[in-house]
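Hello,

Here is the structure I said I would pass on. Have a look at it first, and then read my notes below.

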Amino acid sequence: MKTRFFLKSNPSDSKGSIYFLFSTGYGKIKVSTGEKIPKKDWGTGLPKNSVSTTEIRSLLTSFQFKIDKKIKDLRDSQNRLPNKAELILFCKSTINGDLNIENSLYLSDLIDQFILENETSTNKGLVIGTL
């Protein structure tokens, strides 16, 4: 299962809404990203590569990476693919910014985040037994 995108719009509209698209054995699951883009800027599966679409391309790439990682983690830990409700939850939490390093189950990610926060904080240094 791979995260893809498609553009949905009315023929009379100049802009379309970008949706996540997941193909599964029981059909296709579509979830809105909440982003809109002019139809003329849309390519095949992603916005065309231009200066005006750099930001939206970066955002969609980030969404795709996070959701694919969550799907892979579920497959590795529970040996199954997510169902429709889980996919919708993954998408919504990614859009809202809830699916980030603080929600990761990897200890290495948490340690990296801890070190980064400590380096930027001037409160106090690390002490024995902090982690």
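Helix H1 is a good place to begin: its buried residues are Ile-56, Leu-60, Phe-63, Gln-64, Ile-67, Asp-68, Ile-71 and Leu-74. Please keep in mind that this is a predicted model. A general point may help when you look at that list: an α-helix has 3.6 residues a turn, so residues three or four places apart point the same way. The cover over the buried residues of H1 includes strands S1 (4-8), S2 (15-24) and S3 (27-38), along with helix H2 (84-95).

The length of H1 can be checked too. The helix runs over residues 54-78, and at 1.5 Å a residue its 25 residues should span 36 Å; the C-alpha atoms at its ends are 36 Å apart, so the two values agree. Just after H1 comes Asn-79, with a positive phi near 55°.

Moving to the strands, Ser-17 is part of S2. Ser-17 counts as buried because its relative accessibility is 16%, and the cut-off is under 20%. Apart from neighbours within four places in sequence, Ser-17 is in contact with Phe-6, Leu-7, Lys-8, Glu-35 and Lys-36.

As for the whole protein chain, there are 3 helices and 3 strands, in the order β-β-β-α-α-α along the sequence. Of its 131 residues, 28% count as buried. The chain exposes about 8900 Å², with 55% of that supplied by carbon and sulfur atoms. Among contacts between residues at least 6 apart in sequence, 38% join residues at least 24 apart.

Happy exploring, and best wishes

How values were computed. Residues numbered from 1 in each chain as written. Predicted model: local features only at pLDDT ≥ 70, side-chain atom pairs only at ≥ 80, totals over all residues. Heavy atoms only, no water. Helix = DSSP H or I, 4+ residues; strand = E, 2+ residues; numbered from the N terminus. Expected span 1.5 Å × (residues − 1). Buried < 20%, exposed > 50% of the residue type's maximum accessible area, 1.4 Å probe, protein only. Contact = heavy atoms within 4.5 Å. Areas by Shrake-Rupley, 256 points an atom, 1.4 Å probe, with all protein chains shown as cover.
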